[in-house]
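Biologist: I would like to learn how to read a structure like this one. Could we go through it feature by feature?

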Amino acid sequence: MAANKIVREQGKYLDVTPFHGKYCTINMLGQDVGYARVGIISSGKDFILFQFRGKRGLAAKAFVKDITEVKISERALKKETELVVEEWDEDVNPFCYFVGERCDIHMHQTRMFEATPGFFKAKILYVDNQNQLIRIKENSKQFNVQIPMICGIMESS
């Protein structure tokens, strides 16, 4: 039995609602980091909100190549955190959910061997909706990161 799979088509809306409440693998374009065996809990026009072992994450639909449902045994499912599907609010910038949290931020890779694929255990200080930036602090240095260049973000341990 083949698993459910959707492939992103250029210029078309990627509808992820059939995968809400299910465990999936999110494959990203090119050299970008993907997310294996994550539970999709919500999605909006531009982003997918997911959960992995009690931590939340966000994937930008613009960088998604495909999404495949993962079949998990009943025994393994008991060890996972229960997935609670949430309503998506398009009026709220989804990066605001991560303000004050330490996160791994995965940047879109434009070259094969990118010097900095992202920021790790960076604290999200604030979100600037007007300029499409987030302000982060990593290793006692602060950076402005352009939201359109972020392919994914996930709370770190």
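**Reading the features**

Modeller: Start with one residue and its surroundings: apart from neighbours within four places in sequence, Val145 contacts Met107, Phe119, Gln132, Leu133, Ile134, Ile136 and Ile150. Keep in mind that this is a predicted model.

Biologist: Where is Val145 placed?

Modeller: Val145 belongs to strand E10, which covers residues 141-146. With a relative accessibility of 3%, Val145 counts as buried. Its C-alpha lies 5.4 Å from that of Leu133, although 12 residues separate Val145 and Leu133 in sequence.

Biologist: What about Asp15: where is it found?

Modeller: Asp15 sits in the loop that runs between strand E1 (5-7) and strand E2 (23-28). Asp15 is partly exposed, at a relative accessible area of 37%. From Asp15 to Val38 the C-alpha distance is 17 Å, with their positions 23 residues apart in sequence.

Biologist: How should I read a nonpolar core?

Modeller: In soluble globular proteins, nonpolar side chains tend to be buried together. Here the largest nonpolar core has 41 residues, and the members touching the most others are Ile26, Ile67, Phe95, Ile105 and Ile134.

Biologist: Which residues does Ile105 touch?

Modeller: Leaving out residues up to four places away in sequence, Ile105 touches Pro117, Gly118, Phe119, Ala122, Ile124, Ile134, Ile136, Ile150, Gly152 and Ile153.

Biologist: Next, cysteines. How many disulfides does the structure hold?

Modeller: A disulfide is a covalent bond between the sulfur atoms of two cysteines. This structure holds zero disulfides. Cys96 is in none, and the nearest cysteine sulfur, in Cys103, is 12 Å away. Cys96 is partly exposed, with a relative accessible area of 35%.

Biologist: Why is the sulfur of Cys151 without a bond to the closest cysteine sulfur?

Modeller: Because that closest sulfur, in Cys103, is 14 Å from the sulfur of Cys151, which is too far for a bond. Cys151 is buried, at a relative accessible area of 1%.

Biologist: And how do I read a pocket?

Modeller: Rolling a probe the size of a water molecule over the atoms shows where empty space is left. In this model the largest pocket contains about 280 Å³ of space.

Biologist: Which residues lie nearest the centre of the largest pocket?

Modeller: Lys45, Asp46, Ala60, Lys61 and Ala62 lie nearest the centre, out of 18 residues that line the largest pocket. By type, the lining comprises nine nonpolar, three polar and six charged residues.

Terms used
Residues are numbered from 1 along each chain as its sequence is written. This is a predicted model: local features need pLDDT of at least 70, side-chain atom pairs count only at pLDDT 80 or more; totals for chains, interfaces and linings use all residues. Side-chain values use heavy atoms; hydrogens and water are left out. A nonpolar core is a set of buried Ala, Val, Leu, Ile, Met, Phe, Trp, Tyr and Cys residues joined through side-chain atoms within 4.5 Å. Buried means under 20% relative accessible area, exposed over 50%, partly exposed in between (1.4 Å probe, protein chains only). Contact means heavy atoms within 4.5 Å. A disulfide is a pair of cysteine sulfur atoms within 2.5 Å. On a 1 Å grid over the protein atoms alone, a cavity is a set of points where a 1.4 Å probe fits but cannot get out, and a pocket is an open set with protein on both sides within 12 Å along at least five of seven lines; lining residues have an atom within 4 Å of a point. Grid points are joined across faces, edges and corners, and a volume is the space filled by probe spheres set on the points. Ala, Val, Leu, Ile, Met, Phe, Trp, Tyr, Cys and Pro count as nonpolar, Asp, Glu, Lys and Arg as charged, and the others, Gly among them, as polar. Helices (H or I, at least four residues) and strands (E, at least two) are DSSP runs, numbered from the N terminus.
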